[in-house]
Protein chains: 2
Amino acid sequence: MAITVVGSVAYDTIETPSGRRERCLGGAATHFSLAASFFTDVRVIAVVGEDFGPEQEAVFLRHRIDTRGIERAPGKSFFWEGSYLDNLNEAQTRQTDLNVFASFEPKIPDAFRDSDFLFLANIDPVLQRRVREAMPDVKLVAGDTMNYWIKDHRPALLEVLKGLDVLLINDTEARMLAGNENLVQAARAVMAMGPSSLVIKHGEYGATLFRKADPINGTAHSTFKVPALPLEQVVDPTGAGDSFAGGFFGYLAAQPDLTPAAYRRAMFYGSVMGSFAVERFGTERIAELSRKEIDDRFLQFRELTHLD
Amino acid sequence: MAITVVGSVAYDTIETPSGRRERCLGGAATHFSLAASFFTDVRVIAVVGEDFGPEQEAVFLRHRIDTRGIERAPGKSFFWEGSYLDNLNEAQTRQTDLNVFASFEPKIPDAFRDSDFLFLANIDPVLQRRVREAMPDVKLVAGDTMNYWIKDHRPALLEVLKGLDVLLINDTEARMLAGNENLVQAARAVMAMGPSSLVIKHGEYGATLFRKADPINGTAHSTFKVPALPLEQVVDPTGAGDSFAGGFFGYLAAQPDLTPAAYRRAMFYGSVMGSFAVERFGTERIAELSRKEIDDRFLQFRELTHLD
């Protein structure tokens, strides 16, 4: 079933110990869409400037991603420059130019309204909520956020959380949101804010899925862990989290039933896509990926974690 | 098959957010022995002072641990005081009194010489090497070390590593020993120093097993991951690493063949024993543990990681 995603489509300038790339295609919605496109149909809502040309759009179109929700506005696209020279696990932001994103008003094409799955990438919670409310009939809503919104826009974010089925955030964000250093207690507190499933990402240590008790199916509050792939070289971590979300949510959207087993496999596909994302700069690796590579790596994750 | 372990038997004064314990039974050899005793026969080589009485010895004897290698010396036992008030993942040492440990000369009882498995807990590498050389016929040797020996006693430690089959250390120690921040590259470098298997412990994020390629069995360089159990409360992390080692090595020692599958299950049992260790202060939890609790938790780890 189709996913609609709202978020940023941007240009990134990235410096890591492996080198530097100027103005490569980036943004949360871009990374998410590309990763999810290997599993299901994806539709993007975003805004770009006059610098977004046919070459960039072709990256989406080659993956059969519906770009009719990408609005062109006068001016420049969102631009971010960051460095991982000091720490591959955390970017140091050098520059952020919101540009056309500053006045982004998400518009939902009619053709997108029958989407069963909705992903609210990391943007202003006021916009996340507006899109959520404009699509009340979706089957499953997942979303992301970041420290800035948690700290300085908490009331708006809490409204978004009420309408989310799945929240995907990292350790630091989960602890900050819950005000609790213990990750299990923090997960419980965050789920009490709305989402019935919570994916906490641990960077090079993988991710944990927490799910609320489901009395209907007789399952208790449950937890599932997936590691990250041990890699000899991390070229560029930009977009790893969004690629994880794309693999996770894309796989779920392609399943006939959202069983606990489907969620577990979705965690594997999330980590699979995250592991590819960091192998090259920006979208370079995932844009060139084949389905066979994904399936092979899924088996590699199975080997890495399963007793038999 | 029997394990001989050499290491510290000590008194610990521990402060954590959950409270404080004065002079409770501790030391690497103690935590290791108790955890391993659920799987196989364990024999301890250590030195204690006149303050080590029948009450402490009874903890070992109740687990059928052979204490004939625990030497009594005039003076006091090794004493350590540490606090986890600032950070549950890392102890701040407040006091270390080597006492009788300062002049420890490990003596191997004749009855221990037929041990097939040898564990060199974290002590001076000069002593580790001496014990290793005195038991040349063991089937498998594992060991631990710490930042102090890595930094200031490197030549002696490198000699020990040549005689080890399995090294168990944490992330920081692996990176420091290899001089490489990338964990996969660091693992490769450490295995080139001797051990054919390397367990890197990640605290609350579990542990990774790296193994050298084994051309005889046709297996390639391999990796296996086990998470830590997500816990609502970590009461006291002291001894978690040694308990992990005890579960891991104890399970291996009880297997008829050291297959790759045996190593994978050993990783699970390591994490199982580590997860119990932190639930109460010092040895309190593991000293009271039942085999059924271990088996139940093993299944819980399986649930936590397996797709089906």
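Helices and strands here are DSSP runs, numbered from the N terminus, with at least four residues for a helix and at least two for a strand. Keep that in mind as we walk through this predicted model.

Let's use those labels right away. In chain A, strand S7 (92-97) and strand S8 (117-120) are joined by a loop, and Asn99(A) sits in that loop. Have a look at its backbone: phi of Asn99(A) is positive, about 50 degrees, even though the residue is not a glycine. Is Asn99(A) buried or exposed? Neither, quite: its relative accessibility is 33%, so it counts as partly exposed, because that label covers values between 20% and 50%.

Chain B has a residue to set beside it. Arg23(B) also isn't a glycine, and its phi is positive too, near 45 degrees. This one belongs to a strand, namely S3 (residues 19-26) of chain B. With a relative accessible area of 35%, Arg23(B) is partly exposed.

Now let's go inside. Thr30(A) is part of helix H1 (residues 28-36) of chain A. Its relative accessible area is 0%, so Thr30(A) is buried, since anything under 20% gets that name. Which residues does Thr30(A) touch, once you leave aside its neighbours within four places in sequence? They are Ser8(A), Val9(A), Ala10(A), Leu25(A), Phe60(A) and Thr283(A).

Met191(A) is another one to find, this time in helix H7 of chain A. It is buried as well, at 2% relative accessibility. Not counting residues up to four places away in sequence, Met191(A) touches Ser196(A), Leu198(A), Phe210(A), Arg211(A), Lys212(A) and His221(A). You can also trace a line from Met191(A) to Asp144(A): the two are 47 residues apart in sequence, and their C-alpha atoms are 14 Å apart in space.

For a whole helix, turn to chain B. Helix H8 (residues 240-253) of chain B has 14 residues, and the stretch from its first C-alpha to its last is 20 Å, close to the 20 Å expected at 1.5 Å a residue. Why can we call H8(B) largely enclosed by the rest of the structure? Because 13 of its 14 residues are buried.

That leaves the place where the two chains meet. Here 30 residues of chain A are in contact with 30 residues of chain B. The area buried between chain A and chain B comes to about 2,800 Å², with carbon and sulfur atoms giving 51% of it. Three residues stand out on the chain A side: Tyr205(A), Glu232(A) and Leu307(A) supply 29% of the area that chain A buries against chain B, more than any other three residues.

Glu232(A) turns up again when we look at charges. Its side chain meets that of Arg188(B) in a salt bridge, at 2.5 Å from N to O. How many salt bridges are found across the interface of chain A and chain B? There are four. Polar contacts join in too, with 19 residue pairs found across the interface, both residues at pLDDT 80 or more.

Which parts of chain A give two or more residues to this side? They are helix H6 (171-178), helix H7 (183-191), strand S13 (222-226), helix H9 (260-277) and helix H11 (291-305). H11(A) gives the largest share, five residues. Sort the residues of chain A that touch chain B by type, and you get 12 nonpolar, seven polar and 11 charged.

How values were computed: Residues are numbered from 1 along each chain as its sequence is written. Chains are lettered from A and ligands numbered from 1 in the order in which they are written. This is a predicted model: local features need pLDDT of at least 70, side-chain atom pairs count only at pLDDT 80 or more; totals for chains, interfaces and linings use all residues. Side-chain values use heavy atoms; hydrogens and water are left out. Contact means heavy atoms within 4.5 Å. Buried area is the accessible area (1.4 Å probe) that two parts lose on being put together, summed over both. A polar contact is a pair of N or O atoms within 3.5 Å; within protein, one must be able to donate a hydrogen and the other to accept it, and residues adjacent in sequence count only if both atoms are side-chain atoms. Ala, Val, Leu, Ile, Met, Phe, Trp, Tyr, Cys and Pro count as nonpolar, Asp, Glu, Lys and Arg as charged, and the others, Gly among them, as polar. The expected span of a helix is 1.5 Å times one less than its number of residues. Buried means under 20% relative accessible area, exposed over 50%, partly exposed in between (1.4 Å probe, protein chains only).
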